[in-house]
Amino acid sequence: MADYDTMRSYLDKIVAGDFVGAEEHYTDDITVHFAGWKDVHGKDEYNAALGEMMGMVDSLQVEEHDLLVSEDHAVVLNDWHIMKGDRDERVNHVIVYHTEGDKISEIWVVAEDQGLMNDLMSD
């Protein structure tokens, strides 16, 4: 069951870049779908993907707009401020979380402008 306080704790860790601390909120077999980029399975692959993403840009800051929580899902609306080379871009995202018990078992990360995200996440 998703609950607001658990999701708030998780999101605070992610925004702070505490990916190791965020792991306590995942099931062991978590699946993450990065629209237009890749799907990953398990904590190790997810952490590797986050590291890979951070290595593709000079800076990534997340500004949260809203957190909505129901019994088995949470939805976060946020804005990613990405700097890469001489580019300074903002991309709105919707992130959907499926929970099992008090753990996140699946995540969908969807950008409003997927073409721009694909461009920014390329080498």
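**A guided tour from fold to pocket**

Begin with the whole chain in view: of the contacts in the protein with a separation of 6 or more, 46% join residues 24 or more positions apart. The model is predicted.

Next, colour by secondary structure. The protein has four helices and six strands, and a walk along the sequence gives the pattern α-α-β-β-α-β-β-β-β-α. The radius of gyration of the protein is 14 Å, close to the 14 Å that the globule rule gives for 123 residues, so the protein is as compact as a globular protein of that length.

Switch to the C-alpha trace and align the view with the principal axes, along which the trace spans about 45 × 30 × 25 Å.

Then display the surface. The accessible surface of the protein comes to about 6,500 Å², and carbon and sulfur atoms contribute 50% of that area. Colouring by burial places 40% of the 123 residues in the buried class.

Now turn to the largest pocket, which holds about 370 Å³ of space. Select I14, F19, L60, V62 and W80: of the 23 lining residues, these are the closest to the centre of the pocket.

Extend the selection to the elements around the largest pocket. At least two lining residues come from each of the following:

- the helices α1 (4-15) and α3 (43-56);
- the strands β3 (59-69), β4 (73-84), β5 (87-100) and β6 (103-111).

Finally, colour the lining of the largest pocket by residue class. Nonpolar residues number 19 there, alongside three polar residues and one charged residue.

Terms used:
Residues numbered from 1 in each chain as written. Predicted model: local features only at pLDDT ≥ 70, side-chain atom pairs only at ≥ 80, totals over all residues. Heavy atoms only, no water. 1 Å grid on protein atoms, 1.4 Å probe; cavity = no way out; pocket = protein on both sides within 12 Å on 5 of 7 lines; lining within 4 Å. Points joined across faces, edges and corners; volume = space filled by probe spheres on them. Nonpolar A, V, L, I, M, F, W, Y, C, P; charged D, E, K, R; others polar. Rg over C-alpha atoms; globule rule 2.2 N^0.38 Å. Buried < 20%, exposed > 50% of the residue type's maximum accessible area, 1.4 Å probe, protein only. Contact = heavy atoms within 4.5 Å. Areas by Shrake-Rupley, 256 points an atom, 1.4 Å probe, with all protein chains shown as cover.
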